[in-house]
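User: I would like to learn how to read a ligand site and a metal site in a model. Please start with the ligand.

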Amino acid sequence: MLEIKNLHARISEGREILKGVDLTVKPGEVHAIMGPNGSGKSTLAGVLSGKPGYEVTEGQVLFQGRDLLAMAADERARDGVFLAFQYPVEIPGVNNMYFLRAALNAVRKQRGESDMDAGQFLKAVRAKLKLLEIGEDLLQRGVNVGFSGGEKKRNEIFQMAMLEPKLAILDETDSGLDIDALQMVSRGINALRGPKRAIVMITHYQRLLNYVVPDRVHVLSGGRIAKSGGKELALELEQTGYGAYGDAA
Amino acid sequence: MTDTAAAHNLAPLREGYKYGFVSDIESESAPPGLNDDTIRFISAKKQEPQWLLDWRLQAFHQWQKMDSPHWAKLRIAPIDYQAATYYSAPKRQNTPKSLDEVDPELLKTYEKLGIPLNERAALAGVAVDAVFDSVSVATTFKKTLGELGIIFCSFGEAVREHPDLVRKYLGSVVPQGDNFFAALNSAVFSDGSFAYIPAGVRCPMELSTYFRINAAKSGQFERTLLVADKGAYVSYLEGCTAPQRDENQLHAAVVELVALEGAEIKYSTVQNWYPGDAEGKGGIYNFVTKRGACRGARAKISWTQVETGSAITWKYPSCILEGDDSVGEFYSVAITNNFQQADTGTKMIHLGRNTRSTIISKGISAGKGQNTYRGLVRIQPKAANARNYTQCDSLLIGDKCGAHTVPYIAARNPTARVEHEATTSKISDEQMFYCQQRGLSKEDALSLIVNGFCKEVLKELPMEFAVEAQKLLAVSLEGSVG
Ligand SMILES: Nc1ncnc2c1ncn2[C@@H]1O[C@H](COP(=O)(O)OP(=O)(O)OP(=O)(O)O)[C@@H](O)[C@H]1O
Ligand SMILES: [Mg+2]
């Protein structure tokens, strides 16, 4: 599904952040990426999703065998790459539901499916809202405008649930959630799990991994994957911290 | 306008200005130049009564003493008024009695523009008056309207058939010598639309005028006069396009609205004159005077405009709130891209007690476009308890464009309450990326964000117009994001 080989990237006109990342994620797998603040986790997510402002200097990324880095950001999204933002963006005046429908129809078109009409769309929306226990009023507001931190995160997972991506990258979606919200979000993630999908979760807390049990856990430090292991690695990190993995950046 | 209804309208439009074609229609023009004889020529061509010729000449003599205004924040190349042609009409001049008599070339032109003049094919519920260059060529649904006593016809016809009404109201809101361009229009206007809604009648369909400049080197000077008698209601739409030409063309129109006691007029414009090319060559100079008078208690006038075209836009649709409890509204979206300039806004003149006005202005600048909001809120001493709310938002796309806000407030009554809010924002890279990450193309993302920004104004437009306006916004901003 996703093959990252010796990926080097820097901030445009700035310093190198990723210094040779190797990572392979197979269909059906859930991977967790942990690591100290500033180690480059969001940078990796940004490079994978095509966020402007980064420059790849070396390496390769294959997504379903295709050269991911050669694709435009919107193309990647339509092909099934989804990023749940660490800091979701506000778009005033654009109704949340309207936004979602435009996005869904763009993705469906790529999949060769027809546009959803208003009725079908509403039905699908209701089902997912129930799963995530999101109030319908949130849908009628501007995209993320005035949402609380937790509401923004839940909205990201709601969008993910609707768009049904093949590869979901979740950047600290669990940060700032209360216990109930954490469970709902976990439910949303688990519902997406399936043999044809892959999930990469960036997190600081082992807590999330109790609800969404990962197949692999990686430590990103010094711009590289410093260590990989099973779900027990997260527990170990909780005890020892990142000290053993050298310089943070 | 609901969001879901427009959801399918995000289709990217990358076709550029698609109304830039020229129709091959024989026309009859006045010789270039402007003097008393030109005006006599126009008046004679239109077989006008003496009083109207005198009115025109009076306007012309005032204009000769006037100077083109300099206060707007616009760079305007000097205009040679003697080089322009002031009258151009499709040759088959005899006013057609029915659509069957209209030149088929003309009907084709309007079809190409998406304005079928054939009544059966016409959008249900919209009566159209089409003004080609300077002359009204067809008015649809006349009969249906006539049964309600509604008069909707070309200005020329109104002068012939309803001289008393025209004489009573012409110039009563925008006097001949009001300003340089209004004076010029009053002297040389060639046609336009006229509508009268009798007392207590609610006009059952949208009335619409579609303006088209075709001839080269000609200006368009049309005049619109709308009168809503006591308790009447009318919604009026105005659309405009012009061919793509390298030289600038002048459009100096005058619109006068009169709403008597309890009447309501809703006037919507989607202005899509040719804006000039990406290098700033060509385009229409759109110098327009629009003003409405609420001439009775509880009258209401509402202006909604979406200004996407023209090289230069200079217009300030205004309301004179004479009647007690009368209401004035101004909703505006103005876009400038490439080298376009817009200096637009409104004047709300509060004369009566408890008069209320609302101004919502959205300016969008891209490329090297310059956008100025200029507004005046004047509360006169007798206007006790007058209220105004003004909101001016500017959106910048890129860093070579400009947005300017010039609000004047003159409150001469201590009970007045005037609120003004202004914001300037930029479309952020984060917003663009967020949309793209959800699968939207750059063009769709931009159009989505811009439409969100303009939402409060777009929702004031009648449905079909709103859809059209959304598409136009997308086309106007083509090429403004890398
Ligand atoms: N646009 C930028 N300009 C300059 N430096 C940047 C930029 N974006 C990221 N950085 C730097 O790159 C490094 C990696 O940042 P990144 O956001 O990827 O870290 P992270 O691992 O996601 O951290 P956290 O756990 O705090 O979210 C940091 O030192 C950050 O300051
Ligand atoms: Mg981060």
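Analyst: This is a predicted model. Start with polar contacts to the ligand: a backbone N or O atom of Gly40(A) is 3.0 Å from an oxygen atom of ligand 1.

User: Which side chains have an N or O atom close to an oxygen atom of ligand 1, and at what distance?

Analyst: Asn37(A) places a polar side-chain atom 3.0 Å from a ligand 1 oxygen. For Lys41(A), the distance from a side-chain N or O atom to an oxygen of ligand 1 is 2.8 Å. As for cover, ligand 1 on its own has 650 Å² of accessible area, and the protein covers 61% of that.

User: Which element gives the most residues to the shell around ligand 1?

Analyst: Helix 1 of chain A does, with three residues. The shell has 14 residues, and those that come nearest are Arg15(A), Gly38(A), Lys41(A), Ser42(A) and Thr43(A).

User: Now the metal. What are the protein donors of the magnesium ion?

Analyst: For a metal, list the donor atoms, then place them in the chain. Here they are OG of Ser42(A) and OE1 of Gln86(A), 2.0 to 2.3 Å from the magnesium ion (ligand 2). Ser42(A) belongs to helix 1 (residues 41-49) of chain A and Gln86(A) to the loop between strand 6 (81-84) and strand 7 (91-95), so the pair ties together parts 44 residues apart in sequence.

User: Is Gln86(A) buried or exposed?

Analyst: Gln86(A) counts as buried because its relative accessibility is 16%, under the 20% cut-off. Ser42(A), at 29%, counts as partly exposed.

User: What are the overall scores of the model?

Analyst: The ipTM is 0.95 and the pTM 0.81.

Methods
Residues are numbered from 1 along each chain as its sequence is written. Chains are lettered from A and ligands numbered from 1 in the order in which they are written. This is a predicted model: local features need pLDDT of at least 70, side-chain atom pairs count only at pLDDT 80 or more; totals for chains, interfaces and linings use all residues. Side-chain values use heavy atoms; hydrogens and water are left out. Donors are N, O and S atoms within 2.8 Å of the metal (3.2 Å for Na, K and Ca); water is not among the atoms, so sites may look incomplete. Helices (H or I, at least four residues) and strands (E, at least two) are DSSP runs, numbered from the N terminus. Buried means under 20% relative accessible area, exposed over 50%, partly exposed in between (1.4 Å probe, protein chains only). A residue is near a molecule or strand if one of its heavy atoms lies within 4 Å of it. A polar contact is a pair of N or O atoms within 3.5 Å; within protein, one must be able to donate a hydrogen and the other to accept it, and residues adjacent in sequence count only if both atoms are side-chain atoms. Accessible areas come from the Shrake-Rupley method with a 1.4 Å probe; for residues, only the protein chains shown count as cover.
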